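Me: Could you take a close look at one part of this model for me, the sheet pairing around one edge strand, and then walk outward from there? I'd enjoy one connected account rather than a list.

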Amino acid sequence: GGGASPLHEDDSGACMIIINNISLLGQAESGADRRWVWKMAASLRLGYQGFLRSLFAPGLHLVPRTSAVGPRSFHASEGLHGVPPVKVFMPALSPTMEEGNVVKWLKKEGEMVNVGDALCEIETDKAVVTMESSDDGVLAKIMMEEGSRNVRLGTLIALLVEEGQEWKQVDIPNDTTAPLQSPPPAAPLVPAPRKAEHQPGKRGIRLSPAARHILETHGLDPSGIVSTGPRGIVTKEDVLRLLEQKPVKKAAEKRPADPPSLPQPVAVPSALPTASAPAAYPRPLTPPISVPGQPAAQSTFSEIPASNVRRVIAKRLTESKTTVPHAYAATDCDLGAVLKLREELAKDNIKVSVNDFIIKATAVTLKQMPEVNVTWDGEGARQLHTIDISIAVATDRGLITPILRDAAAKGLQEIAALAKALAKKARDGKLLPEEYQGGSFSISNLGMFGINAFSAVINPPQACILAVGQSRSELRLAEDNEEDPKLQQHQLMQVTLSSDGRVVDDELASKFLENFKANLENPARFSLH
């Protein structure tokens, strides 16, 4: 054709082989087909076997490139670049979750995944939650292996491909974060260049906040530090390693030339005139580091990594104590009637605990006083229409509060069964988000640990939490016979109500404890509510 380029010698040979193969397939019987093959050989410069292999390879097709002009306007399609993936990102599995840990993958690479299938187990700031797949396909690549910790929300954790595609040829993307994020608009603020300009001669060095603080405090130059953090970030450990070497260098160079080698902010020069500097300053600049296998030196320590649950507990406790005005009120409850009824129920093989009676008495009291069944949303109070009791359960990961929904409408036996099941799921880390999110009132019982009384911290946005201590024996005068007073033994239990002063004042808290005491000491009232 008129638009064809001059052919090379090996092109003509390649064309003959191609034409012969295509003619066998019955596709090169016309002159137009032959001209197309000649153009292909002239433009792609492929070898004999290479061209045939690429032409007949499964999944590979030659398509025109829209932006090119002339006979060299062909290139390989997606078959050369890999199978396009469906990205799976770290989701927010709880309202307060900021990062998670990959505990276990429930699917292996190459396995079929359907919508709703359990894909993996993620440790959130509350519990270990099973993550379900939102797409159909084949699990092609696990980006975050089991045991990956502190994985931020929106981080790529896995790749899926459509069923029937070659999952081993999945295209691994360079970008491992979710596309719907808003860091780009914050870029014009240029926080990093300002810090770099503030430190002349240190451009290109990325410092963590802790490392920057130590460097500024000791007046150190970070240019000689070997970074070990991700993406070349200088970490606190890198700076501490430099500080370990710095006192040795100072001791060797202290006598020849002290003034020029010491920066102005450092307070060491004041100790130089003294001959016995070690005696005057026995404490080192940095704490000594413990060495495994050797006796621990004085002032050494070991850092304990905090789990996501522990970090969130610390954050929420601090927020609660600093932002919620706590008020406290306490009273003693007589457990005589509860213990007697519990023994009678045990004869009928109905097992209920004292804590089950406390939960029921609390729910009944909240039903009588709906003004206490409230939360604080930051601007005002919200009165809740259902009574959902949060029960504090201690686990290896920290404290978590599973919820008994609509507790006022449940009987003692049902409360006992649900409380036992929720406590087991909490200790196993198997609670679902809807089983620990929400709640209108909390109960924390430390009586089984031998605690007589304590004050609990409110769990925002709830307004109250009831702290329960252990029962104790106490002798009191009988009130029914004033003429012949006798001492009687009573089983008393102290409860302490922590209330949010913004919505539950002291008078309302006192009335709540009064009604709670009356309900608990007369469990027959439970049948009336």
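Reply: Happy to. In this predicted model, E99 stands opposite R152 of strand β9. That places us where β4, residues 99-105, and β9 pair in the antiparallel sense, over two bridges. Step back a little and these two strands belong to an open sheet of four, ordered β7-β6-β4-β9, with antiparallel pairing. Its edge strands are β7 (128-132) and β9 (151-152), each of which pairs on one side only. A helix joins the picture here: α9, residues 308-323, lies across β4 and β6 (118-123), and runs at about 155° to β4.

There is another four-stranded sheet to set beside this. Strands in the order β3-β10-β8-β5 form an open sheet, again with antiparallel pairing. At its edges stand β3 (86-89) and β5 (112-113); each has a single partner strand, so one side of each is left without a neighbour in the sheet. Further in, β8 (residues 137-142) and β10 (residues 156-161) pair in the antiparallel sense over four bridges, and K141 stands opposite L159 of β10. As general background, strands of a sheet pair through backbone hydrogen bonds, in either a parallel or an antiparallel sense.

From the sheets, let's move to the nonpolar interior. The largest nonpolar core has 69 residues, and those with the most contacts inside it are F441, L466, F512, F516 and L520. Apart from that core lies another, of 10 residues, including L207, A211, I214 and V239. F441 is a good place to look around: leaving out residues up to four places away in sequence, its contacts include L366, V372, I389, C464, L466, L497 and F512. Polar residues also touch F441, among them D388, S390 and Q462.

T362 is a further contact of F441, and it deserves a visit of its own. T362 lies in helix α11, residues 354-368. How accessible is T362, buried or exposed? Its relative accessible area is 0%, so T362 counts as buried. Setting aside neighbours within four places in sequence, T362 is in contact with I389, F441, I443, L466, F512 and F516. Several of these names are already familiar: F441, L466, F512 and F516 are among the residues with the most contacts inside the largest core.

Finally, the charged side chains. The structure holds 16 salt bridges. One of them joins the side chains of D332 and R472, at 2.9 Å from N to O. D332 lies in strand β13 (residues 326-334) and R472 in strand β21 (residues 464-477), so this pair ties together parts that are 140 residues apart in sequence. D332 is partly exposed, at 23% relative accessibility, and R472 is also partly exposed, at 25%.

The D332 and R472 pair does not stand alone: D332, R472, E474 and R476 are linked in a network of salt bridges. Within that group, the side chains of R476 and E474 meet at 3.4 Å, N to O. R476 counts as partly exposed at 35% relative accessibility, as does E474 at 27%. For another salt bridge, look at D377 and R382, whose closest N and O atoms are 3.1 Å apart; D377 is partly exposed, at 40% relative accessibility. In general, side chains of opposite charge can pair when their charged atoms come close.

Terms used:
Residues are numbered from 1 along each chain as its sequence is written. This is a predicted model: local features need pLDDT of at least 70, side-chain atom pairs count only at pLDDT 80 or more; totals for chains, interfaces and linings use all residues. Side-chain values use heavy atoms; hydrogens and water are left out. Two strands pair if DSSP finds at least two bridges between them. Contact means heavy atoms within 4.5 Å. Axes are lines fitted to C-alpha atoms, for helices over the stretch in contact, and angles run from 0 to 180 degrees between N-to-C directions. Buried means under 20% relative accessible area, exposed over 50%, partly exposed in between (1.4 Å probe, protein chains only). A nonpolar core is a set of buried Ala, Val, Leu, Ile, Met, Phe, Trp, Tyr and Cys residues joined through side-chain atoms within 4.5 Å. A salt bridge is a side-chain nitrogen of Lys or Arg within 4 Å of a carboxyl oxygen of Asp or Glu.
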